[in-house]
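Me: Please take a close look at one charged side chain in this model and at its surroundings. A connected account would be welcome, with the cut-offs behind each term.

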Amino acid sequence: MPAAAHRVRMFVVVAAAALAVAGLVTQNAAVGTPRAGLLPQVGVAGGESANNGIDQMAAKRGLVAPGAYSAAVGALNGTSRTPATWSEVTTKPYNADDTDYDAQPASNSTGGAGYVTGRITGIAADAAGYVYAGGANGGVFRRAPNSTTWTPISDQIPSLSTGYLTLASDGSLWLATGEFNFGGYSVGVGVFRLQYPRTQVFTMASRVGQSELESTMIRKLVFDSGNVWAATSRGIWKHSATGSFSTAWTRVFAPVDDSDLGVTKYSANLTTAIAVQPGTNGRVMVADIAYWAQTTYNGFYYSTDYGVHWVRANPGGAINPKEIGPADMAFSADGKKLYVVMESPALASKQGTVNSILAGVFVSNNGSIAGPYSQIATSSKLANSNSAMKQTEIGKAYQPGVQADYNRFLVVDPSNPNHVYLGLEEVYETWDGGNTWNTVGRYWNFGLSCWTLTTQTCDGNVVHSDQHSATIVGNTLWVGNDGGLYSRSIAKGTTTWTDHSNEPGLHALQYYSVGVGTVPGGVAVWGGLQDNGVSLLKPELSTMVSPEGGDGGDTLTDPSDGCRSVGEYVFLTLQMTTNCGFSPFGSVSDAVVNIAPNDPGAQFIAPFSADIADPNYWVAGGEDIWENTKTWASTSGDDWTKLYDLGAGHAATSLASENHVIWTGWCGICSARAFTAGIATNYGGTWHDLGDLTALGLPNRTVSAMTIDPSDPTGATVYAVFNGFSQPWAEGPGSGHGHVFVTHDGGATWTDVDGNLPDIPASSMVITPSGTRVVATDLAVFVSPAGQDGVWTRLGTAGHDIPMAVITDLSIGPDGYLYAATYGRGIWRTALPS
């Protein structure tokens, strides 16, 4: 097949009304780019912006009651240990722009993002030069003045999910856990404070309040009049910022009664913005409380009595009070201007058929929450401000603000009320209060006249896409996005950024999967990442590289040849390489081949794997179950054969095969608000569904792993691993106790083998050659020896553990190591337990 035939540009189009993928389309690039007229892959925000991806992640854990993680940590701390020393594998800088791994359209290398380290959702810095960065699920890192080395300072608390990070006027550092993006991995355990952040680390003793803000997403903290207010997914909360920090938080406002356990609680009281108006001594506060879709409570709210009472505003001018969605708000330093960037619920309901879901950027020139507002930016205006997201350059249905429900920030220069930075997918700047804008942080360089396959002459106004956090300290702007941490001078005429993602110790990569295979000199380690493609670590390379871009998913690697690997660009878009994705700079290469089956309804991260007894037999799962017997000789998606239809609206969540006996877990409806799980298999010779799981004594939660016992060649002995918390902590959908179950009779009967396993969401399971069962959870890895059902120990010696990040995947390497992928702290390994 000609090289150009593989160079297909794929956009994921989300039909929000159905919360499902509408399809993949090809799109021509700008005229004059020597890429066979085609562009590489766009990241899809890891599922947080794609609403079915949001539900997939959230459904794994369901709605979790406060106290769940405290109880889990208590049980974890009481569990015996099996000695093991974990060490991080992904310590080399991750170069997402390596010119020898730019096989298009699979790779985004040479696009301009530079080095990446994962999503940064919190930034704080002081005038002395101390900088603090919070990973979305990697915890908080500190960098001292005149240093480029980062140190983790929150590894001792049970959630590494950062919602917000800020320094108070007394110099204390405040951390709000629980990233505000609706993703299932964004579970918080409250707010924490360090009096002396330059030397201290966060512990549970640092927590402000008690368990009332556990399992809550927190968007922002603001201070005034001796108090701190938190904008959360459960309304506005208040605590003293100077008194006793052990007392409970008080909820001061929530427009909706969320005491029920169903749909309302999932989507109610989502406070996406809060601000104190300067010059009012804390008397006037404003907030936006809104779901991404239209609800009766969506609106602007304000208080004129120091946050005691709140009233719904009736904004005038360019903002329609009936069309208010999630927003960010920022006052000028004098309080006379209030800027707002907002998503449109009406457009969000048409996502996939419209170019953007951005309502616009607005300003109230008198500082009043009521306005009147003037619209100072639209998606079209931003697209025509030197943006890389102009329709003629990136294609239709992906213009500025297309993910305004997921990535937003607004920062006003403290010394100039008309100098504003706006973050959406890109970074924009205005010096005249929004009359004109300039894109100072492009999405990428592809499609621009300054980019060709062999020559890139673009300026430095480019960063990784999808902006989440920002702060101005002195003359420096700091920005956090899905790629990592960047900074630049706020002086006029600045055209370059400093990329901090290659600095030692700043490790916040969010992996969904890991695969390991032998190569000369050792092993190649592959992994699928949220919005940072598929990474490759090889012994001879000084950095990690990215042969495949966009969002990475599951991974299949040949253990005997680590250069043969299959990665996933969301929704079962499978991409295969047999040469490590090596594509010498300037060449048109088929180093990565698209072999995606034509599945009508796969999950955002869909499962696929090799048969554990027959490596020349692959299986994959979406709405349908597929087989592939050509494996490494595959040339296209036509090499897959459909085996079984799980049914309309059902999608595989896990998959395993032994001697062509296949087991799959599925969900449908796959939503945290209404959920059904199932298991199907061809054990016994014919495909069949096991029916109602609860009738078999299994929980109705996500089947996150199906693991066949290799000691039973018939495929009758299989383990089902369930995510989420059990019933005591589940609010609404989700039922039944237990996380690990086994059948020895092909699914007729099941036994709960949890025993002393703490009630922690579980994601993956492998069985070692000695029969030891190894399970990955949100907080740790556990092992259970063969023949000792229900007896679990924590794998890791105290002081040599994996940080308490969500562990998403396990893989046994050909080098005798156990590899663990974490969603926020990279890939780790330890000697394979006996």
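Reply: K337 is buried (under 20% relative accessible area, 1.4 Å probe, protein chains only), yet K337 has no salt bridge (a side-chain nitrogen of Lys or Arg within 4 Å of a carboxyl oxygen of Asp or Glu). The nearest side chain of opposite charge belongs to D334, 8.1 Å away; Lys and Arg count as positive and Asp and Glu as negative, while His and the chain ends are not counted.

This is a predicted model, in which local features need pLDDT of at least 70 and side-chain atom pairs count only at pLDDT 80 or more, whereas totals for chains, interfaces and linings use all residues. Residues are numbered from 1 along each chain as its sequence is written, and side-chain values use heavy atoms, with hydrogens and water left out.

As to its place in the chain, K337 sits in the loop between strand 24 (327-331) and strand 25 (338-343); strands are DSSP runs of E of at least two residues, numbered from the N terminus.

The side chain of K337 does have a polar partner: a polar contact of 2.6 Å links it to the side chain of N365. Such a contact is a pair of N or O atoms within 3.5 Å; within protein, one must be able to donate a hydrogen and the other to accept it, and residues adjacent in sequence count only if both atoms are side-chain atoms.

Neighbours within four places in sequence aside, K337 is in contact (heavy atoms within 4.5 Å) with A330, F331 and S332, with V363, S364, N365 and G367, and with P417 and N418. Of these residues, F331 and A330 belong to strand 24 (327-331).

Elsewhere in the model, Y398, Y443, W444, F446 and W451 form one aromatic cluster, where rings of Phe, Tyr and Trp (its six-membered ring) pair if their centres lie within 6.5 Å. Both Y398 and Y443 are buried.

Key:
Helix = DSSP H or I, 4+ residues; strand = E, 2+ residues; numbered from the N terminus. Buried < 20%, exposed > 50% of the residue type's maximum accessible area, 1.4 Å probe, protein only. Phe/Tyr/Trp six-rings, centres within 6.5 Å; stacked < 30°, edge-to-face > 60°.
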